[in-house]
Amino acid sequence: LGEPEKAEALVAEMDGVLADVRRRTAGRPRRRVLFVGMNGDTMGRGTNFDLFVEAAGGINVAAEAGISGRSQLPLEKALALEPDIILISSYRGGRKARDMGDRPEPTEDPAWSSAPAVKAGRVHALNGAHLLSTSHHATKTAEDIARILHPECYTP
């Protein structure tokens with residue numbers, strides 16, 4: 001766009017968000033996290049989500065299991081990963097248009113009822129505007145995840 005100074009400022013802002021999240025969560029327990037998309041997919045190694053989970057002091061169990069990129073995740077495999085926390089997107093638009101119908105969330109799906117994260121009420125919706133952003137706002141997902149994994153790092 002011919003605005004190199006503004007571009008550098010945005011990169012510095014994004015780096016600053018990630019650095020702040022890493023600073024706040026340093027030394028905290030690393031909780032095991034799984035993202036479950038509205039069509040049963042997940043995000044593994046090499047995704048922004050993986051970067052954001054790491055920055056937030058977590059372990060992306062999909063990446064740990066050798067999944068790369070955005071990939072379908074069979075329910076049996078998802079359950080076998082035994083995440084401490086399951087993350088979903090708050091964005092629900094377009095489900096019917098994508099032939100996803102009214103697929104239940106893990107908290108509403110009997111197939112997920114045996115998952116320890118579901119039993120313990122540790123299924124959280126991430127801000128879809130941050131999670132799905134293709135702008136500098138995407139790094140705010142790292143902070144959203146950190147607030148879920150380590151809320152004590154964000155109390156006044």
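This passage walks through a predicted model, starting from its sheet and moving out to the helices packed on that sheet.

The sheet is a good place to start. Four strands make it up, lined up in the order β3-β1-β5-β6, and the sheet is open, with parallel pairing. At its edges sit β3 (58-60) and β6 (123-126), each of which pairs on one side only. From one strand to the next, the twist averages 35 degrees.

The pairing can be followed strand by strand. Strand β1 covers residues 31-35 and pairs with β3 in the parallel sense over 3 bridges. On the β3 side, valine 33 has asparagine 60 as its bridge partner. Another 3 bridges join β1 to β5, again in parallel, and here the bridge partner of valine 33 is isoleucine 85. Moving on across the sheet, β5 and β6 run parallel and are joined by 4 bridges. Isoleucine 86 stands opposite valine 123 of β6.

Strand β5 deserves a closer look. How many of the residues of β5 are buried? The count is 5 of the 5, so β5 is largely enclosed by the rest of the structure. Its side chains split between two directions: Ile85, Leu87 and Ser89 point one way, while Ile86 and Ile88 point the other way, and all are buried.

Just ahead of β5 comes a small oddity in the backbone. Glutamate 82, in the loop between α4 (75-80) and β5, has a positive phi of about 45 degrees even though it is not a glycine. With a relative accessible area of 53%, glutamate 82 is exposed. A positive phi turns up just after α2 as well, where glycine 57 takes a value of about 85 degrees.

Now for the helices. Helix α2 (residues 48-55) lies across β1, β3, β5 (85-89) and β6, and runs at about 155 degrees to β3. Helix α7 (residues 140-149) also packs on the sheet, where it touches β1, β3, β5 and β6; its direction makes about 155 degrees with that of β6.

These two helices also meet each other. Packed helices in general are described by the angle between their axes and the distance between the axes. For α2 and α7, the axes come within 8 Å and cross at roughly 45 degrees, which makes α2 oblique to α7. The crossing is right-handed. On the α2 side, Phe49, Phe52, Val53 and Ala55 make the contacts, and they meet Thr141, Ala142 and Ile145 of α7. Phe49, Phe52, Val53 and Ala55 also appear among the buried residues of α2, together with Asp50.

One of these residues, phenylalanine 49, links the helix to the sheet in another way. The structure holds 1 aromatic pair, formed by phenylalanine 35 and phenylalanine 49. The two rings are tilted, at 5.5 Å centre to centre with 55 degrees between the planes. What does this pair tie together? Phenylalanine 35 belongs to strand β1 and phenylalanine 49 to helix α2, so the pair connects parts that are 14 residues apart in sequence. Both partners are hidden from the outside: phenylalanine 35 is buried at a relative accessible area of 1%, and phenylalanine 49 counts as buried at 2%.

How values were computed:
Residues are numbered from 1 along each chain as its sequence is written. This is a predicted model: local features need pLDDT of at least 70, side-chain atom pairs count only at pLDDT 80 or more; totals for chains, interfaces and linings use all residues. Side-chain values use heavy atoms; hydrogens and water are left out. Two strands pair if DSSP finds at least two bridges between them. Axes are lines fitted to C-alpha atoms, for helices over the stretch in contact, and angles run from 0 to 180 degrees between N-to-C directions. Contact means heavy atoms within 4.5 Å. Rings of Phe, Tyr and Trp (its six-membered ring) pair if their centres lie within 6.5 Å; planes under 30 degrees apart count as stacked, over 60 as edge-to-face and the rest as tilted. Buried means under 20% relative accessible area, exposed over 50%, partly exposed in between (1.4 Å probe, protein chains only). Angles under 35 degrees count as roughly parallel, over 145 as roughly antiparallel, 65 to 115 as roughly perpendicular and the rest as oblique. A crossing is left-handed if the near helix is turned anticlockwise from the far one by less than a right angle, and right-handed if clockwise.
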